[in-house]
Amino acid sequence: MSSICVHGLGYIGLPTAAMFANYGHDVVGFDVNDQLVSELNSGEIRIDEPGLRAFVNQALDSSQLTVDDEIPSAEYHIICVPTPLDDETKRVNLSAVEEAAAGIAPTLRTGDTVILESTVPPGTTVSTVKPILERSGHSAGEDVALVHCPETVMPGNIITELTENERIIGGVNGVSTAAAVRLYESFVESEIRTMVDATTAEFVKLIQNTYRDANIALANEIAKLAADYGVDSREAIQLANTHPRVDIHQPGPGVGGHCLPIDPWFLGHDSNKVDLIAHAREVNDGMAGYIVDLLEGALGSVTEQKIAILGVAYKGGVSDTRMSPGLHLAEELQDRALNEPAVEARTDGDSPVQVSLHDPQVTDQTLALETLEEAVLDADAIVVTTDHSEYESLDPSSIAQKMSGNVVVDTRAVLDEADWEAADLAPIRV
Ligand code: SAJ
């Protein structure tokens with residue numbers, strides 16, 4: 001068993017720290033946020049993830065996991081801090097990674113291993129983390145080990161995927177890679193794949209999410225084309241996917257979460273070869289505008305209308321609203337209505353479109369979410385933007401009674417078309 005310090009106790013760091021602790025390692029979870037540290041020390045878990053509360057409490061109760069606001073010496077340091085994208089420049093902000101490496105450097109002893117799990121542009125482990133660690137006088141790849149081991153877990157299924165997913169590990173040298181493999185072998189049940197170097201591991205992680213983003217962009221473009229030809233895009237994609245070498249993803253209201261909308265930008269960070277990948281990002285971000293076009297086609301204009309958005313979680317079954325397509329659509333509706341010439345001339349300051357938000361899983365108090373009844377009451381149109389299972393069983397006739405219009409856009413194909421048609425609310429599908 002090893003001593004481990006996990007840096008950053010968020011979506012990835014906290015379950016990772018608890019996992020190593022529950023497998024018998026001595027783990028210290030470190031975070032720069034004092035408030036978070038004291039919450040965790042009293043057993044409070046902010047992150048809403050199935051099974052996480054009990055899993056972390058098990059680790060804390062056994063004292064295999066302790067949470068601290070100071071960095072201890074440890075045989076393994078695992079960096080799981082955020083690497084946000086600057087929206088304007090589309091470049092990564094590595095300050096949390098730099099700060100973590102600078103905090104680790106003075107604690108390093110010969111034989112220790114530093115593992116970067118945060119998603120980063122190719123080359124970051126070697127060009128950013130390595131020189132900061134080497135301020136300690138140690139040399140990465142000689143007397144201390146340094147690797148990139150990206151996380152690959154899906155929010156909503158993190159604890160299971162931590163053990164069941166394959167891992168990729170790339171060290172600055174073979175000794176580094178072997179040191180990390182020994183550690184992850186303690187709980188990973190799948191294959192651990194070793195890469196020739198850290199940059200390859202960084203690159204592989206990014207092309208996985210970029211593949212998914214570009215594939216969804218293709219599905220979204222297919223959906224728009226299918227509408228022009230009067231073809232059902234979902235049925236067409238399902239039939240196309242019966243071919244053994246075709247795997248087209250599902251169209252929708254755009255792509256949310258903290259990975260797919262960001263990682264393609266990291267891939268092109270220090271290269272000018274990005275072309276289709278950037279365009280795919282635009283296609284996915286442009287879906288909100290396409291949905292407003294559909295609404296305008298059905299309503300004439302969105303100005304002075306009430307639109308109910310059902311779903312602000314970025315995908316079904318989670319309460320996470322990061323980069324939410326539903327919230328993006330709400331902004332797009334306001335922008336489109338504000339740009340109507342008649343509205344531009346208005347001076348009363350009232351919002352030209354009324355947007356109500358509903359989500360059965362999101363608890364964020366800052367979002368002014370309404371009950372389903374309130375959200376759809378007197379609505380001219382409703383748009384389903386998240387594939388929550390709760391939406392599959394909505395009762396169209398009771399919704400029809402509350403709405404004042406009859407426009408329904410189902411961007412996730414969750415509504416039963418025949419039932420909704422029978423209630424005179426034939427859904428427009430994306
Ligand atoms: N989406 C579609 N159509 C699809 C599939 C997804 O529109 O066919 C949308 C979702 O609704 C959501 C967005 O894409 O808005 C992203 O959801 P997701 O389920 O594709 O992925 P994430 O962001 O929850 O997690 C991804 C996963 N990466 C891959 O599957 C390659 C996960 O394994 C990674 O660990 C995670 O990114 C990450 O942390 O990088």
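Here is a short chat about the ligand and the pockets of this structure.

Visitor: Which pocket is the space taken by the ligand?

Guide: Welcome! This is a predicted model, where local features need pLDDT of at least 70, side-chain atom pairs count only at pLDDT 80 or more, and totals for chains, interfaces and linings use all residues. Residues are numbered from 1 along each chain as its sequence is written, and side-chain values use heavy atoms, with hydrogens and water left out. On a 1 Å grid over the protein atoms alone, a pocket is an open set of points where a 1.4 Å probe fits, with protein on both sides within 12 Å along at least five of seven lines; its lining residues have an atom within 4 Å of a point. The ligand, which counts as sitting there if more than half of its atoms lie within 2 Å of the grid points, takes the space of the second largest pocket.

Visitor: How much of the ligand does the protein bury?

Guide: Polar side-chain atoms of N209 and R412 each lie 2.7 Å from an oxygen atom of the ligand. Accessible areas come from the Shrake-Rupley method with a 1.4 Å probe. Alone, the ligand exposes 770 Å², and the share that the protein buries is 88%.

Visitor: Which helix gives the most to the lining of the second largest pocket?

Guide: This pocket holds about 850 Å³ of space, a volume filled by probe spheres set on the grid points. Among its 33 lining residues, M154, R212, I216, L260 and K315 are the closest to its centre. Helices are DSSP runs (H or I, at least four residues), numbered from the N terminus. With 5 residues, the most comes from α8.

How values were computed. Polar contact = N/O pair within 3.5 Å; in protein donor to acceptor, adjacent residues only side chain to side chain. Helix = DSSP H or I, 4+ residues; strand = E, 2+ residues; numbered from the N terminus.
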